[in-house]
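Subject: Structure handover

Hello,

Here is the structure we talked about handing over. Please open it alongside this message.

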Amino acid sequence: MRMDDGLAYMLQYEHVAWYEDHVVKILDRRIYPIETKYVICKDYREVAKAIKDMVTQSAGPYTAAGMGMALAAFQSSHLKEKEQWEYLNEAAKVLANARPTTASRMKLVVDGCLEIVKDSLGPGSDQVIFDYTVEMMNHRYQKINEVAKHLVDLFPQRGKIMTQCFGETIVGLMLRRAKEEGKEISLFVPETRPFLQGARFTASVSYEMGFETTVITDNMPGFVLEREGIDLFTSAADAITLDGYVVNKVGTFQIAVVAKYLKVPYFVTGIPDKGHPKIDTITIEQRDPYESISFQGKRHTLKGVKGYYPSFDITSPDLVSGVVTDFGVYSPYDLDSYMDQVKDGFYSFAV
């Protein structure tokens with residue numbers, strides 16, 4: 001059973017990242033939904049570049065990395081086993097480190113690919129990794145579906161929800177679950193400059209799935225939280241450290257501060273990350289500052305004006321009402337209890 005049934009276009013497996021005919025096809029999220037085009041990668045290094053260049057983002061890179069490993073297996077299938085193994089290990093290193101903040105989870109993805117293929121090197125090894133990646137993707141959707149159930153239980157029967165950035169799978173699955181339960185919710189979606197993940201992705205998925213959707217600019221969340229009767233603020237996370245810190249798209253922290261002040265609960269969704277036991281293990285990615293003073297390649301400041309673009313910020317546990325996982329809702333101060341429940345090696349892929 002495929003878990004993408006009934007989800008919006010960009011959440012269908014083939015439209016995230018897909019290996020077929022010895023290339024990896026990735027929906028270009030830099031221009032979607034204004035245009036629907038795909039970047040075609042003929043080399044695993046091109047997949048890594050696509051990840052770095054934000055062709056795909058949120059949870060998309062985890063699938064792209066697996067598909068990139070399948071492509072690397074095809075590229076090296078003519079080599080002797082030892083040489084192919086060395087080639088695949090180099091590919092794994094390049095793909096895992098395409099973006100620094102998520103490198104620990106990306107390493108788990110590519111390490112899984114290496115483990116599954118180590119006894120199946122040679123011709124056909126690409127199919128082994130492809131099948132594993134699809135299985136992994138379906139498993140992630142299944143796990144996030146459990147997260148969605150726990151999150152939607154926190155929604156009122158009729159209410160207003162504020163999101164931040166694009167939570168990939170959880171956005172589609174929480175909306176599908178809300179529809180199944182007959183909950184009439186509407187979304188207020190900050191645009192998420194400079195890449196506009198909220199305006200272009202979250203809003204597109206929400207609207208396509210039949211929910212009232214309102215996009216706001218990134219300087220409006222405080223006003224909207226205070227004046228529009230927002231019932232709950234939620235976001236996914238690029239990492240949730242075991243000491244309770246949330247690393248997510250820059251802007252999450254300031255919304256969490258205002259939500260706390262206005263007594264609007266903030267529930268983060270995701271899987272606590274055993275690769276980050278403490279917040280000091282996190283590296284915040286600094287992206288090209290030009291992205292902050294331009295849009296779609298066109299500069300909108302005078303020459304000489306500087307830009308600044310940390311891709312993520314950090315929200316402390318005192319601002320988090322709960323961490324919504326596949327096993328239920330946990331206090332950010334008690335994530336070790338979650339880890340005690342984990343017996344499934346796939347857990348870290350559920351983002």
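The notes below go through the sheet, the helices, a hairpin and the cysteines.

Please keep in mind that this is a predicted model.

The sheet

The sheet is open and has seven strands, in the order β6-β5-β4-β7-β10-β14-β15. Its pairing is mixed. At the edges are β6 (213-216) and β15 (328-330), each of which pairs on one side only. From one strand to the next, the twist averages 30 degrees.

Within this sheet, β4 (residues 158-162) runs parallel to β7 (residues 232-235), and two bridges link the pair. Ile161 has Leu232 in β7 as its bridge partner.

Helices on the sheet

Helix α7 (residues 197-208) lies across β5 (184-190) and β6, and runs at about 170 degrees to β5. Helix α9 (residues 252-261) also packs on the sheet, where it touches β4, β5, β7 and β10 (266-269). The direction of α9 makes about 160 degrees with that of β7.

A helix pair

Two packed helices are described by the angle between their axes and the distance between the axes. For α1 (residues 44-52) and α3 (residues 81-96), the angle is about 10 degrees and the axes are 9 Å apart. Angles under 35 degrees count as roughly parallel, so α1 and α3 are roughly parallel to each other.

Which residues of α1 and α3 meet? From α1 they are Tyr44, Arg45, Val47 and Ala48, and from α3 they are Tyr87, Glu90, Ala91, Val94 and Leu95. Seven residues of this contact are nonpolar, two are charged and none is polar.

A hairpin

Strands β1 (residues 17-20) and β2 (residues 23-27) run antiparallel and are joined by four bridges. One bridge partner pair is Glu20 with Val23 in β2. The two strands form a hairpin with two residues between them. In the turn, Asp21 has a positive phi of about 55 degrees.

The cysteines

How many disulfides does a search of the whole structure find? The search finds zero. In the case of Cys41, the closest cysteine sulfur is that of Cys113, and the two sulfurs are 15 Å apart, which is too far for a bond; the cut-off for a disulfide is 2.5 Å. Cys41 counts as buried because its relative accessibility is 1%. Cys165 counts as buried too, at 8% relative accessibility. The limit for buried is under 20%.

Regards

Definitions and conventions. Residues are numbered from 1 along each chain as its sequence is written. This is a predicted model: local features need pLDDT of at least 70, side-chain atom pairs count only at pLDDT 80 or more; totals for chains, interfaces and linings use all residues. Side-chain values use heavy atoms; hydrogens and water are left out. Buried means under 20% relative accessible area, exposed over 50%, partly exposed in between (1.4 Å probe, protein chains only). Two strands pair if DSSP finds at least two bridges between them. Axes are lines fitted to C-alpha atoms, for helices over the stretch in contact, and angles run from 0 to 180 degrees between N-to-C directions. Contact means heavy atoms within 4.5 Å. Angles under 35 degrees count as roughly parallel, over 145 as roughly antiparallel, 65 to 115 as roughly perpendicular and the rest as oblique. Ala, Val, Leu, Ile, Met, Phe, Trp, Tyr, Cys and Pro count as nonpolar, Asp, Glu, Lys and Arg as charged, and the others, Gly among them, as polar.
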